Amino acid sequence: MNNVLEKIQNLKQRYEAVILAHNYQPGEIQDIADFTGDSLGLSIKAAQTDARVIVFCGVYFMAETAAILSPEKTVLLPEKHAGCPMADMITAEQLRDLKQKHPGAIVVCYVNSPAEVKAESDYCCTSANAVEVVDSLPEDKKIIFVPDQYLGSYVAEKTSRDLVLWPGYCPSHMLITEDDIKNARASLPGAIVMTHPECTKPVRDISDQIFSTGQMLKFVRQSDAKRFIVATETGIIHSLKKQKPDAEFIAASQKAVCPNMKKITLEKVLWAMEDFAKASSKYQVKVPDQIRKRAKKAIDRMVETLPAN
Ligand code: 13P
Ligand code: SF4
């Protein structure tokens, strides 16, 4: 074992820490994680773990969600500048203005949003359960869905509900084009195209399956097929290949890389843990209590009402 890995393992044991990693993390981070998963799976793990310290290898809103669910635990984000541009496309003030324009509407926010926006929302959702969350809401109620316009339009299609959308988007998923899907199909004939709902509608429309990252992994695990085109951030190919080494996976576009997800390195994981050992809170993600309690209500409604995928 190399020196950095050994030190991480020692500190993990000493501080009863758990390492959670999103499916888009660099391969070497996924490999040291106790659990890898999608946003929903990671939220549930963060809430259920007995560990005192959670080292969250993902982007800021994910670590923030863990801190909202488990205020008694220490949540460390090894790179504080690993943000999510989509989450930053809406503020609490903008959402309050939108709510004023649509009095009485129920607000559903995608988990890719700041804690303050969750605090202004009635329900949170992830890409794994957005359709079910919206489907469970009273039919006579207007629904505001923020911030992802593409996930929102997908949910609107699937539920036949007329949602009030916000013009947010993921810059990495926007890079995947219809031509990418067509070219990938030509280079891997017969492959199943699995697409994340953050992709644009034309891309979704020529795909075979629309899945969260966790659902992609589950589908591949259960499928007899051996060829897959993956239209999401390229980091997931690592976990897909690990899970099914005899299958072929190609990324719909090599450009679909989330630079923020790639900011986490093994050294940064170690530094965050060493810093914690020195009783510093430089890497700790905390949410002020008055925001946290309101945001938690929206997340609890999601976690309680829906089974994990
Ligand atoms: P998943 O919840 O599907 O893992 O997606 C998170 C995300 O940020 C997609 O860009
Ligand atoms: Fe945010 Fe897109 Fe990165 Fe997901 S892939 S964390 S939505 S920027």
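Where is Ser 160 found? Ser 160 sits in the loop that runs between H8 and strand S8 (163-165). The model in front of you is a predicted one, and this loop is a handy place to begin a walk through it.

## Two residues with positive phi

Ser 160 has a phi near 55°, a positive value in a residue other than glycine. Is Ser 160 buried or exposed? Its relative accessible area is 68%, and exposed means over 50%, so Ser 160 counts as exposed.

Glu 16 also has a positive phi for a residue other than glycine, here near 50°. Glu 16 belongs to the loop between helix H1 (3-14) and strand S1 (17-22). With a relative accessible area of 47%, Glu 16 is partly exposed.

## A cis peptide bond

Another backbone feature to look up is the peptide bond from Val 146 to Pro 147, which is cis, with omega near -10°. Pro 147 has its place in the loop between strand S7 (143-146) and helix H8 (149-159). H8 is also the helix that comes before the loop of Ser 160.

## Around ligand 1

Now to the ligands. The surroundings of ligand 1 are made up of His 22, Tyr 24, Asp 38, Ser 39, Asn 112, Ser 127, His 173, His 196, Glu 198, Ser 212 and Thr 213. Sorted by class, this shell has 8 polar residues, 2 charged and 1 nonpolar.

Which side chains bring polar atoms to the oxygen atoms of ligand 1? For His 22, an N or O atom of the side chain is 2.6 Å from an oxygen atom of the ligand. Ser 39 places a polar side-chain atom 2.8 Å from an oxygen atom of ligand 1, and for Ser 127 the corresponding distance is 2.9 Å. Ligand 1 exposes 300 Å² when taken alone, and the protein buries 96% of that.

## Around ligand 2

Ligand 2 has Tyr 24, Val 59, Cys 84, Pro 85, Asn 112, Cys 170, His 173, Glu 198 and Cys 258 around it. By class, the shell comprises 6 nonpolar, 2 polar and 1 charged residues.

If you select both shells in your viewer, some names come up twice. Tyr 24, Asn 112, His 173 and Glu 198 are listed around ligand 1 and also around ligand 2.

## The cavity and helix H3

How many cavities of 30 Å³ or more does the structure hold? There is 1, and the volume of the largest cavity is about 40 Å³. Its lining consists of Ser 39, Leu 42, Ser 43, Phe 56, Phe 61, Met 62, Thr 65 and Val 111. Of these lining residues, 5 are nonpolar and 3 polar, with no charged ones. H3 and helix H4 (60-69) each contribute at least two residues to the lining. Ser 39 is thus a residue to follow from one site to another: it lines the largest cavity and is also part of the shell around ligand 1.

Gly 41 is part of helix H3 (residues 39-48). Its relative accessibility is 17%, and because buried means under 20%, Gly 41 counts as buried. The C-alpha atoms of Gly 41 and Lys 182 are separated by 31 Å, and the two residues are 141 residues apart along the chain.

## Ser 207 and its polar contacts

Ser 207 occupies the loop between helix H10 (201-205) and strand S10 (209-210). Its relative accessible area is 13%, so Ser 207 is buried. What does the side chain of Ser 207 reach? One polar contact, of 2.6 Å, joins it to the side chain of Thr 195. The side chain of Ser 207 also reaches the backbone oxygen of Val 203, at 2.7 Å.

## Either side of strand S12

Asp 246 is in the loop between helix H12 (236-243) and strand S12 (248-251). Its side chain makes a polar contact of 3.3 Å with the side chain of Lys 226. From Asp 246 to Thr 49, the C-alpha atoms are separated by 33 Å, with the two positions 197 residues apart along the chain.

Ala 252 lies in the loop between S12 and helix H13 (266-277). Its relative accessible area of 9% makes Ala 252 buried. Ala 252 and His 22 are 230 residues apart in sequence, and their C-alpha atoms are 20 Å apart in space. His 22 is one of the residues around ligand 1.

How values were computed:
Residues are numbered from 1 along each chain as its sequence is written. Chains are lettered from A and ligands numbered from 1 in the order in which they are written. This is a predicted model: local features need pLDDT of at least 70, side-chain atom pairs count only at pLDDT 80 or more; totals for chains, interfaces and linings use all residues. Side-chain values use heavy atoms; hydrogens and water are left out. A residue is near a molecule or strand if one of its heavy atoms lies within 4 Å of it. A polar contact is a pair of N or O atoms within 3.5 Å; within protein, one must be able to donate a hydrogen and the other to accept it, and residues adjacent in sequence count only if both atoms are side-chain atoms. Accessible areas come from the Shrake-Rupley method with a 1.4 Å probe; for residues, only the protein chains shown count as cover. Ala, Val, Leu, Ile, Met, Phe, Trp, Tyr, Cys and Pro count as nonpolar, Asp, Glu, Lys and Arg as charged, and the others, Gly among them, as polar. Helices (H or I, at least four residues) and strands (E, at least two) are DSSP runs, numbered from the N terminus. Buried means under 20% relative accessible area, exposed over 50%, partly exposed in between (1.4 Å probe, protein chains only). On a 1 Å grid over the protein atoms alone, a cavity is a set of points where a 1.4 Å probe fits but cannot get out, and a pocket is an open set with protein on both sides within 12 Å along at least five of seven lines; lining residues have an atom within 4 Å of a point. Grid points are joined across faces, edges and corners, and a volume is the space filled by probe spheres set on the points.
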